[in-house]
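Got the viewer open? Good: here is a short tour, one selection at a time.

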Amino acid sequence: MEIVGERWSLLIIRELLLGPRRFSEIRGALPGISANVLTQRLEGLEKVGMLRRRGLPSHPGVQVYGLTRWGYESEDAIFALSRWVAGSPLHDVTLPLSNTAMMLSLRTMMDRTAAAPLEGWDLGFRVGGEPFRATVVDAALEIRRAEPEGAEVIFEGDTAGLKPVFYGPEPLSATIPAGLVRVTGDVDRAQRFVDCFRLPAFEND
């Protein structure tokens, strides 16, 4: 908690789990954080060895922030916390998510038993206009920032629309006409992928 317990720290780390980002990109993904606070948190995380700054090879004058190898090792802890909090009675699925958070939620919440038959599937996403590519490997979802064109199935929408598509009760036959998501490719395969996701039920024993 001394390393990542300050407000915003875990959210900043989350935004970097899919690769380095510019200061403006991190701030844009975290509504409510001031430039001053973001600067302080980035400096603090850099000081403890969680992230580092570097210039873009194509634009040496532009700095990006990326996790160190040790920083990336926080992924399992963050995903475990995410799965745990999803079962809370106070979990509000209507709260906004960043594009990165939406994609990471799919990685976190995918049912690995249901996903096992989908081994090797190549999936594309355009979330809030941001491109992602994902592959099912060992019943888990490997995600990277890349253009979705050429994927077997492509999902497009904003996070507000995609959340009920993946975590709500309605099938794609209802959510596509409702305008929550656009699907390119085989809709039956898309539905099989969507069926791999569900939120845990709250149990108060």
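How much space lies in the largest pocket? About 1,200 Å³. Keep in mind as you click around that this is a predicted model.

**Stop 1: the pocket**

To get your bearings, select Leu-11, Arg-14, Ser-82, Leu-97 and Ala-101, which lie nearest the centre of the largest pocket. The lining as a whole runs to 37 residues. Colour the lining by character and you should get 24 nonpolar, 9 polar and 4 charged residues.

Next, show the helices. At least two lining residues each come from α1 (9-16), α2 (23-29), α5 (75-86), α6 and α8 (159-167). Which helix gives the most to the lining? That would be α5, with 7 residues.

**Stop 2: along helix α6**

Stay with α6, which spans residues 99-109, and pick Thr-100, a residue of this helix. Is Thr-100 buried or exposed? Its relative accessibility is 1%, and the cut-off for buried is under 20%, so Thr-100 counts as buried. Show the side chain of Glu-15 as well: a polar contact of 3.4 Å links it to the side chain of Thr-100. Beyond its sequence neighbours within four places, Thr-100 also has Arg-14, Leu-18, Arg-21, Phe-132 and Arg-145 among its contacts. For a sense of scale, draw a C-alpha to C-alpha distance from Thr-100 to Asp-188: you should read 26 Å, for a pair 88 residues apart in sequence.

Now slide along to Thr-108, also placed in α6. Thr-108 is buried too, at 7% relative accessible area. Zoom in on its side chain and you'll find a polar atom 2.8 Å from the backbone oxygen of Leu-104. Setting aside residues up to four places away in sequence, Thr-108 touches Phe-79, Ser-82 and Arg-83. You have met Ser-82 already, as one of the residues nearest the pocket centre.

**Stop 3: the nonpolar core**

Time for the greasy part. Nonpolar side chains tend to be buried together in soluble globular proteins. Here the largest nonpolar core has 50 residues, and those touching the most other members are Ile-12, Phe-125, Phe-155, Phe-166 and Phe-193. Helix α6 turns up again, giving this core its largest share, 5 residues.

Select Phe-125, which sits in strand β3. With 1% relative accessibility, Phe-125 counts as buried. Which residues does it contact, leaving aside neighbours within four places in sequence? The list includes Met-103, Leu-106, Phe-132, Ile-154, Phe-155, Phe-166 and Phe-193. For another distance check, try Arg-69: its C-alpha is 26 Å from that of Phe-125, with their positions 56 residues apart along the chain.

Hop over to Phe-193. Outside its own stretch of four places either way, Phe-193 is in contact with Met-110, Leu-118, Trp-121, Leu-123, Phe-125, Leu-141, Phe-155 and Phe-166.

**Stop 4: the start of β3**

Last selection: Asp-122, in strand β3, which covers residues 122-127. Is this one buried or exposed? Buried: its relative accessibility is 18%, and the cut-off is under 20%. Show what surrounds Asp-122 and, neighbours within four places left out, you will see contacts with Arg-133, Ala-134 and Thr-135, and also with Gly-150, Ala-151, Glu-152 and Val-153. Ala-134 is on the contact list of Phe-125 as well.

Methods
Residues are numbered from 1 along each chain as its sequence is written. This is a predicted model: local features need pLDDT of at least 70, side-chain atom pairs count only at pLDDT 80 or more; totals for chains, interfaces and linings use all residues. Side-chain values use heavy atoms; hydrogens and water are left out. Helices (H or I, at least four residues) and strands (E, at least two) are DSSP runs, numbered from the N terminus. Buried means under 20% relative accessible area, exposed over 50%, partly exposed in between (1.4 Å probe, protein chains only). Contact means heavy atoms within 4.5 Å. A nonpolar core is a set of buried Ala, Val, Leu, Ile, Met, Phe, Trp, Tyr and Cys residues joined through side-chain atoms within 4.5 Å. On a 1 Å grid over the protein atoms alone, a cavity is a set of points where a 1.4 Å probe fits but cannot get out, and a pocket is an open set with protein on both sides within 12 Å along at least five of seven lines; lining residues have an atom within 4 Å of a point. Grid points are joined across faces, edges and corners, and a volume is the space filled by probe spheres set on the points. Ala, Val, Leu, Ile, Met, Phe, Trp, Tyr, Cys and Pro count as nonpolar, Asp, Glu, Lys and Arg as charged, and the others, Gly among them, as polar. A polar contact is a pair of N or O atoms within 3.5 Å; within protein, one must be able to donate a hydrogen and the other to accept it, and residues adjacent in sequence count only if both atoms are side-chain atoms.
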